[in-house]
Amino acid sequence: MAAGAGGDGGGGELKLLGTWASPFVQRVRLALNLKGLAYEFIEEEIGGGKSELLLASNPVHKKVPILLHRGNPICESQVIVQYLDDAFPGAGGADLLPSDPHARAVARFWAAYIDAEFFAPWNRSFYTASEEEKAAEMGRAAAALAAIEGAFAELSKGEGFFSGEGRPGFVDVVLGGFVGSMRAYGAAVGVEVLDAGRTPLLVAWAERVAALDAARGVIPDVERVVELSRYARKK
């Protein structure tokens, strides 16, 4: 159990159940920190039994992240991030989702696309039985990243983030949760997920995200993730 790195907001009302290595937990922690919300981070054991609090708080999926706000559980990382905007409007100086309805819809579209079209095939590639299947899944993930690169070029408006402003927004938080995992994959496999030749805008974007104060202590050290991956493969 550890204290979160958020600011003075939250008033001791927020607890986050998660693991340090989960990219979905990382995106929630990024959102909490960007909004300046103080929270208690209750760390679940990786690969161990699930706590009674976790099972009671998310009896449907039985997984993290879970945000507890005044004891009430909110599950699923994208739902949690949007909830933080609703429950703490304006915290941290601005909301993560834009105020314009169309811009909000566009941000939600790309956030859903990231999970369904990039992460899902990339994740499946780790568990496929054949090299042919692995290559096919990685091809799908690469095609999705090309589309996300194009979205960044349009949405960023020449600024450093998907939000089109000088600070990260909803899409930045959603994709930002994968920065540590993408870096670790490159170190472990020798193939960069974000490549300067194919996705130069996203490569520069990832560097900006990793350098954020909100990312300090959230995006894990590459070697730590690689070591966890090696341990998991041995089990």
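The legends below describe close-up views of a predicted model.

**View 1. The buried Lys35 and the acidic residues around its side chain.** Lys35 sits in the loop between α1 and β3, and with a relative accessible area of 1% this lysine is classed as buried. Its salt bridge with Asp95 brings the closest N and O atoms to 3.3 Å. That pair links distant parts of the chain, since Asp95 belongs to the loop between α3 (77-87) and α4 (101-125), whereas Lys35 belongs to the loop between α1 (23-34) and β3 (40-43), 60 residues apart. The two partners differ in exposure class: Asp95, at 33% relative accessibility, counts as partly exposed, while Lys35, at 1%, counts as buried. Leaving aside residues up to four places away in sequence, Lys35 touches Leu84, Asp85, Phe88, Gly90, Ala91, Gly92, Ala94, Asp95 and Leu96.

**View 2. Asp85 in helix α3 and its polar partners.** Asp85 is found in helix α3 and is buried, because its relative accessible area of 7% falls under the 20% limit for that class. The Asp85 side chain makes a polar contact with the side chain of Lys35 at 2.9 Å, and the side chain of Asp85 also reaches the backbone nitrogen of Leu96 at 3.0 Å. Beyond residues up to four places away in sequence, Asp85 is in contact with Lys35, Asp95, Leu96 and Leu97.

**View 3. The buried residues of helix α3 and what covers them.** In α3, the buried residues are Ser77, Gln78, Ile80, Val81, Gln82, Leu84 and Asp85. The elements that cover these buried residues include α1, β4 (66-69), β5 (72-75), α4 and α6. Two residues in this group, Leu84 and Asp85, are also among those touched by Lys35 of the loop between α1 and β3.

**View 4. Salt bridges of Glu137, within α5 and across to α4.** The side chains of Arg124 and Glu137 meet in a salt bridge, with an N to O distance of 2.9 Å. Arg124 lies in helix α4 and Glu137 in helix α5 (residues 131-155), so this pair ties together parts that are 13 residues apart in sequence. Arg124 is partly exposed, with a relative accessible area of 40%, whereas Glu137 is buried, with a relative accessible area of 10%. Glu137 also meets Arg140 in a salt bridge between their side chains, at 3.1 Å from N to O. Because Glu137 and Arg140 are 3 residues apart in helix α5, about one helical turn separates them. An α-helix has 3.6 residues a turn, so residues three or four places apart point the same way. Arg140 counts as partly exposed, at 44% relative accessibility. In a separate part of the model, salt bridges that share partners join Lys35, Asp85 and Asp95 into one network. The model has 9 salt bridges by count.

**View 5. Helix α5 along its length and its buried residues.** With 25 residues, α5 reaches 35 Å from its first C-alpha to its last, which is close to the 36 Å expected at 1.5 Å a residue. The buried residues of this helix are Glu137, Ala141, Ala144, Leu145, Ile148, Glu149, Ala151, Phe152 and Leu155. These buried residues pack against α4, α6 (170-176) and α8 (200-210). Just after the helix, Lys157 takes a positive phi of about 55°.

**View 6. The β2-α1-β3 unit.** Strand β2 (residues 14-18) pairs with β3 in the parallel sense, over 4 bridges. Within this pairing, Lys15 stands opposite Glu40 in β3. Together, β2, α1 and β3 make a β-α-β unit that is right-handed. The loop between α1 and β3 is also where Lys35 is found.

**View 7. Val209 in helix α8.** Val209 is found in helix α8, and a relative accessible area of 2% places this valine in the buried class. Not counting residues up to four places away in sequence, Val209 touches Phe161, Gly176, Val179, Ala215 and Ile219. Tyr185, by comparison, is 24 residues from Val209 in sequence and 17 Å away in space, C-alpha to C-alpha. The helix that holds Val209, α8, is one of the elements against which the buried residues of α5 pack.

Note on methods: Residues are numbered from 1 along each chain as its sequence is written. This is a predicted model: local features need pLDDT of at least 70, side-chain atom pairs count only at pLDDT 80 or more; totals for chains, interfaces and linings use all residues. Side-chain values use heavy atoms; hydrogens and water are left out. A salt bridge is a side-chain nitrogen of Lys or Arg within 4 Å of a carboxyl oxygen of Asp or Glu. Helices (H or I, at least four residues) and strands (E, at least two) are DSSP runs, numbered from the N terminus. Buried means under 20% relative accessible area, exposed over 50%, partly exposed in between (1.4 Å probe, protein chains only). The expected span of a helix is 1.5 Å times one less than its number of residues. Contact means heavy atoms within 4.5 Å. Two strands pair if DSSP finds at least two bridges between them. A crossover is right-handed if, with the strands pointing away from the viewer, the path from the first strand over the helix to the second runs clockwise. A polar contact is a pair of N or O atoms within 3.5 Å; within protein, one must be able to donate a hydrogen and the other to accept it, and residues adjacent in sequence count only if both atoms are side-chain atoms.
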